[in-house]
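Work through the exercises below with the sequence and the model open. Each task is followed by a solution in steps.

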Amino acid sequence: MIPGFHCSSLEFHDAVDLIPILAEMGFGAIAISPKRGSWDIDLAWFETRTAEIAGLCKEHEVRIVVDLDAPFFDRPVSCDCFGLASGDADEQRLASDKVLRWIDATAEMSPLAITFSSGRGCGQSERTLERLTAAVQPLAERAAAAGTHLALRPVTEHAIATVAHFERFGQWIGGDTSLRLAADVGEMVVGGEFPIGARLARMQHRLSCVYLCEPDLECGGDLPFGRGDIDMGRVWQVMTQSGFTGPVIFRAFGQGRRGLDLARQAITVVNDHRG
């Protein structure tokens, strides 16, 4: 597997500064998210910024995962992104346009995956799943043509809220789709999807990446690594044994003031369980 780190965990650091540091630590992948005023598709210097990140990653042999779930990026008053599963046609169109723009705009990065969440819908109703299928399928095909995978990240209270929901969604999207799963361990904990390692191992043929984190159930966001109830080392071991070869991205949203100690804690988990 490829150990990765989510740059948004260190919101006070610049991704450009982090890439060589994380590579030296032993990380082979990073995840980056849109950020207003920084990595912002609507700013004039976006292409230059993207090329700089892509060049550094190539130089340091670090692969990229693009995480489109960026709180408050689209809506300053709400952490929810536009929803592909929305019953509002205009809302769904805006969501589709957003994903399409990011697929095209990040093509030069050759990302391993571009991950997104479904957004809120009417539960797991057939109408919701049909609507989501119609929106996602052409986007997944566009991503595949650009040389990457579009990967759906289940999120609590969204139309696709669990890995089990994603499995069911497979009946609508079809077995030959290029759409992949971006599993989020924090969301799996909230959804009661245990044992985590075994469930992920069973889905490894559909996995594009895994976000490895420990949710803060009281305050929101993520806990520092090792502060929750998840045995991250065990999850890493089981995933390694499953044959999964993609990126496992350590994430700790809201813990940026801890600085690079977060990354050191994460890579220690990897080094202690390399087998």
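**Exercise 1: the largest cavity**

Task: State which helix gives the most to the lining of the largest cavity, then describe that cavity.

Solution. The model is a predicted one. Step 1: the helix is α3, residues 89-105, which contributes 3 residues to the lining. Step 2: list the residues around the space. The lining consists of L68, D69, C81, F82, L84, A95, K98, V99, F116 and S117. Step 3: sort the lining by class. This gives 7 nonpolar, 1 polar and 2 charged residues. Step 4: add the volume, about 80 Å³ for the largest cavity. Step 5: check the count. Searching the whole structure turns up 1 cavity of 30 Å³ or more.

**Exercise 2: two helices**

Task: Find how the axes of α1 and α2 cross, and which residues make the contact.

Solution. Step 1: take helix α1 as residues 15-25 and helix α2 as residues 46-59; their axes come within 10 Å and cross at roughly 5 degrees. Step 2: name the arrangement. Angles under 35 degrees count as roughly parallel, and therefore α1 is roughly parallel to α2. Step 3: assign the contact. From α1 come A15, V16 and I19, and from α2 come R49, E52, I53, L56 and C57. Step 4: classify these residues. The contact of α1 with α2 has 6 nonpolar and 2 charged residues, with no polar ones.

**Exercise 3: the barrel**

Task: Give the order of the strands in the barrel and the sense of their pairing, then examine β2 and β3.

Solution. Step 1: follow the strands around. The barrel is closed by 8 strands in the order β1-β2-β3-β4-β5-β6-β7-β8, with parallel pairing. Step 2: add the twist, which averages 25 degrees from one strand to the next. Step 3: look at one pair. Strand β2 (residues 29-32) pairs with strand β3 (residues 63-67) in the parallel sense, over 4 bridges. Step 4: locate a bridge. A29 has R63 of β3 as its bridge partner.

**Exercise 4: backbone exceptions**

Task: Say where P195 and S110 lie and what their backbone geometry is.

Solution. Step 1: recall the usual case. Most residues other than glycine have a negative phi, and most peptide bonds are trans. Step 2: examine the peptide bond from F194 to P195. This bond is cis, with omega near -5 degrees. P195 sits in the loop between α6 (185-190) and α7 (196-202). Step 3: turn to S110. Phi of S110 is positive, near 50 degrees, in a residue other than glycine. S110 belongs to the loop between α3 and β4 (113-116).

Technical notes:
Residues are numbered from 1 along each chain as its sequence is written. This is a predicted model: local features need pLDDT of at least 70, side-chain atom pairs count only at pLDDT 80 or more; totals for chains, interfaces and linings use all residues. Side-chain values use heavy atoms; hydrogens and water are left out. On a 1 Å grid over the protein atoms alone, a cavity is a set of points where a 1.4 Å probe fits but cannot get out, and a pocket is an open set with protein on both sides within 12 Å along at least five of seven lines; lining residues have an atom within 4 Å of a point. Grid points are joined across faces, edges and corners, and a volume is the space filled by probe spheres set on the points. Ala, Val, Leu, Ile, Met, Phe, Trp, Tyr, Cys and Pro count as nonpolar, Asp, Glu, Lys and Arg as charged, and the others, Gly among them, as polar. Axes are lines fitted to C-alpha atoms, for helices over the stretch in contact, and angles run from 0 to 180 degrees between N-to-C directions. Angles under 35 degrees count as roughly parallel, over 145 as roughly antiparallel, 65 to 115 as roughly perpendicular and the rest as oblique. Contact means heavy atoms within 4.5 Å. Two strands pair if DSSP finds at least two bridges between them.
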